[in-house]
Amino acid sequence: QVQLVESGGGLVQPGGSLRLSCAASGIFFAIYTMNWYRQAPGKQRELVAGITSGGSSNYADSLKGRFTISRDNAKNTVYLQMNSLKPDDTAVYYCNAAGGVINYWGQGTQVTVSS
(Lines give C-alpha, C1' and ligand atoms only; values in the text may rest on other atoms or scores of the structure.)
Protein backbone atom coordinates (compact mmCIF):
# COMPACT_ATOMS: atom_id res chain seq x y z
CA GLN A 1 0.00 0.00 0.00
CA VAL A 2 1.34 3.42 -0.98
CA GLN A 3 1.13 6.02 1.74
CA LEU A 4 2.25 9.62 2.07
CA VAL A 5 1.80 10.92 5.60
CA GLU A 6 2.27 14.60 6.35
CA SER A 7 3.06 15.96 9.79
CA GLY A 8 4.26 19.14 11.43
CA GLY A 9 1.34 21.44 10.75
CA GLY A 10 -0.40 23.48 13.39
CA LEU A 11 -1.02 26.96 14.68
CA VAL A 12 1.80 29.49 14.54
CA GLN A 13 2.05 33.24 15.01
CA PRO A 14 2.97 35.55 12.13
CA GLY A 15 6.73 35.63 11.70
CA GLY A 16 7.14 32.16 13.13
CA SER A 17 8.42 28.97 11.56
CA LEU A 18 7.22 25.43 10.94
CA ARG A 19 8.83 22.36 9.46
CA LEU A 20 6.54 20.00 7.60
CA SER A 21 7.47 16.38 6.99
CA CYS A 22 6.11 13.84 4.54
CA ALA A 23 7.00 10.20 5.10
CA ALA A 24 6.50 7.87 2.14
CA SER A 25 6.07 4.13 2.08
CA GLY A 26 5.26 1.61 -0.62
CA ILE A 27 7.22 3.39 -3.38
CA PHE A 28 10.80 3.55 -4.54
CA PHE A 29 11.11 6.99 -3.02
CA ALA A 30 14.51 7.92 -4.42
CA ILE A 31 13.34 8.07 -8.06
CA TYR A 32 10.33 10.33 -7.51
CA THR A 33 10.06 14.05 -7.84
CA MET A 34 8.50 15.23 -4.59
CA ASN A 35 6.30 18.30 -4.32
CA TRP A 36 4.46 20.36 -1.77
CA TYR A 37 1.14 21.95 -2.74
CA ARG A 38 -1.25 24.02 -0.70
CA GLN A 39 -4.88 25.02 -0.92
CA ALA A 40 -6.52 27.84 0.98
CA PRO A 41 -10.30 28.23 1.33
CA GLY A 42 -11.82 29.63 -1.84
CA LYS A 43 -8.61 29.25 -3.83
CA GLN A 44 -7.27 26.64 -6.21
CA ARG A 45 -4.47 24.32 -5.25
CA GLU A 46 -1.05 25.76 -6.00
CA LEU A 47 2.45 24.38 -6.20
CA VAL A 48 4.62 25.53 -3.30
CA ALA A 49 7.89 23.75 -4.04
CA GLY A 50 9.32 20.69 -5.74
CA ILE A 51 12.51 18.69 -5.62
CA THR A 52 13.71 16.16 -8.18
CA SER A 53 15.41 12.85 -7.55
CA GLY A 54 18.67 14.62 -8.33
CA GLY A 55 18.07 17.31 -5.72
CA SER A 56 17.12 20.22 -7.97
CA SER A 57 14.46 22.40 -6.36
CA ASN A 58 11.97 25.00 -7.52
CA TYR A 59 9.60 27.35 -5.71
CA ALA A 60 6.66 29.59 -6.29
CA ASP A 61 8.10 33.05 -6.95
CA SER A 62 6.32 34.61 -3.99
CA LEU A 63 7.75 32.04 -1.58
CA LYS A 64 11.35 31.99 -2.70
CA GLY A 65 13.59 32.96 0.19
CA ARG A 66 11.13 31.97 2.91
CA PHE A 67 10.48 28.30 2.15
CA THR A 68 13.02 25.54 1.63
CA ILE A 69 12.34 22.02 0.38
CA SER A 70 14.70 19.15 1.09
CA ARG A 71 14.69 15.36 1.04
CA ASP A 72 16.31 12.52 2.92
CA ASN A 73 16.22 9.41 0.75
CA ALA A 74 17.49 7.23 3.59
CA LYS A 75 14.39 8.21 5.57
CA ASN A 76 11.97 8.24 2.60
CA THR A 77 11.01 11.72 3.73
CA VAL A 78 10.62 15.15 2.16
CA TYR A 79 10.58 18.33 4.24
CA LEU A 80 9.32 21.86 3.88
CA GLN A 81 10.93 24.45 6.13
CA MET A 82 8.69 27.51 6.35
CA ASN A 83 10.04 30.74 7.83
CA SER A 84 8.64 34.24 8.29
CA LEU A 85 5.13 32.89 8.05
CA LYS A 86 2.27 35.20 7.11
CA PRO A 87 -1.50 34.86 7.57
CA ASP A 88 -1.80 34.34 3.80
CA ASP A 89 0.22 31.14 4.20
CA THR A 90 -2.74 29.59 5.99
CA ALA A 91 -3.79 26.54 4.00
CA VAL A 92 -3.87 22.77 3.89
CA TYR A 93 -0.47 21.59 2.71
CA TYR A 94 -0.29 18.42 0.63
CA CYS A 95 2.60 16.12 -0.17
CA ASN A 96 2.81 14.78 -3.72
CA ALA A 97 4.98 12.10 -5.32
CA ALA A 98 5.16 12.51 -9.09
CA GLY A 99 6.03 9.41 -11.08
CA GLY A 100 6.05 8.73 -14.77
CA VAL A 101 2.74 6.88 -14.67
CA ILE A 102 0.87 7.95 -11.56
CA ASN A 103 0.89 10.61 -8.86
CA TYR A 104 0.39 9.94 -5.17
CA TRP A 105 -1.06 12.36 -2.64
CA GLY A 106 -1.10 12.65 1.10
CA GLN A 107 -4.17 13.64 3.07
CA GLY A 108 -2.77 17.05 3.93
CA THR A 109 -1.83 18.90 7.08
CA GLN A 110 -3.38 22.16 8.25
CA VAL A 111 -1.16 25.20 8.71
CA THR A 112 -2.77 28.18 10.39
CA VAL A 113 -0.89 31.46 10.79
CA SER A 114 -2.76 33.75 13.14
CA SER A 115 -2.15 36.35 15.78
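In this predicted model, strand 9 and strand 11 (residues 109-113) run antiparallel and are joined by 3 bridges. Within this pairing, Tyr 93 stands opposite Thr 109 of strand 11. Strand 9 also pairs with strand 10 (residues 103-105). That pairing is antiparallel and again holds 3 bridges. Here Ala 97 faces Tyr 104 of strand 10 as its opposite residue. The connection from strand 9 to strand 10 is a hairpin of 4 residues.

Strand 9 has a further partner in strand 4. These two strands run antiparallel, with 7 bridges between them. Trp 36 has Cys 95 of strand 9 as its bridge partner. Strand 9 is mostly covered, since 6 of its 8 residues count as buried. In a regular strand, side chains alternate between the two faces of the sheet.

Strand 4 and the loop that precedes strand 9 also share a charged contact. Side chains of opposite charge can pair when their charged atoms come close. Asp 89 and Arg 38 form a salt bridge, with the closest N and O atoms 3.0 Å apart. Arg 38 belongs to strand 4 (residues 33-39), whereas Asp 89 sits in the loop between strand 8 (77-82) and strand 9 (91-98), so the salt bridge ties together parts that are 51 residues apart in sequence. Asp 89 has a relative accessible area of 2% and is therefore buried, the cut-off being under 20%. Arg 38 is buried as well, at 9%.

Asp 89 has a second salt-bridge partner in Arg 66, at 2.9 Å from N to O. Arg 66 is placed in the loop between strand 6 (57-59) and strand 7 (67-72), and Asp 89 in the loop between strand 8 and strand 9, so this pair ties together parts that are 23 residues apart in sequence. Both members of the pair, Arg 66 and Asp 89, are buried.

Arg 38 likewise has a second partner. Glu 46 forms a salt bridge with Arg 38, and the closest N and O atoms are 2.7 Å apart. Glu 46 is partly exposed, with a relative accessible area of 35%, whereas Arg 38 is buried. The count of salt bridges comes to 3. Arg 38, Glu 46, Arg 66 and Asp 89 are linked through such contacts into a network.

Backbone geometry was examined next. Most residues other than glycine have a negative phi. Asn 76 has a positive phi, near 50 degrees, and is not a glycine. This residue lies in the loop between strand 7 and strand 8. Asn 76 is partly exposed, with a relative accessible area of 27%.

Ser 84 also has a positive phi near 50 degrees in a residue other than glycine. Ser 84 is located in the loop between strand 8 and strand 9. Asp 89 lies in that loop too. Ser 84 is partly exposed, at 41% relative accessible area, whereas Asp 89 is buried, at 2%.

Technical notes: Residues numbered from 1 in each chain as written. Predicted model: local features only at pLDDT ≥ 70, side-chain atom pairs only at ≥ 80, totals over all residues. Heavy atoms only, no water. Salt bridge = Lys/Arg side-chain N within 4 Å of Asp/Glu carboxyl O. Buried < 20%, exposed > 50% of the residue type's maximum accessible area, 1.4 Å probe, protein only. Pairing = 2+ DSSP bridges.
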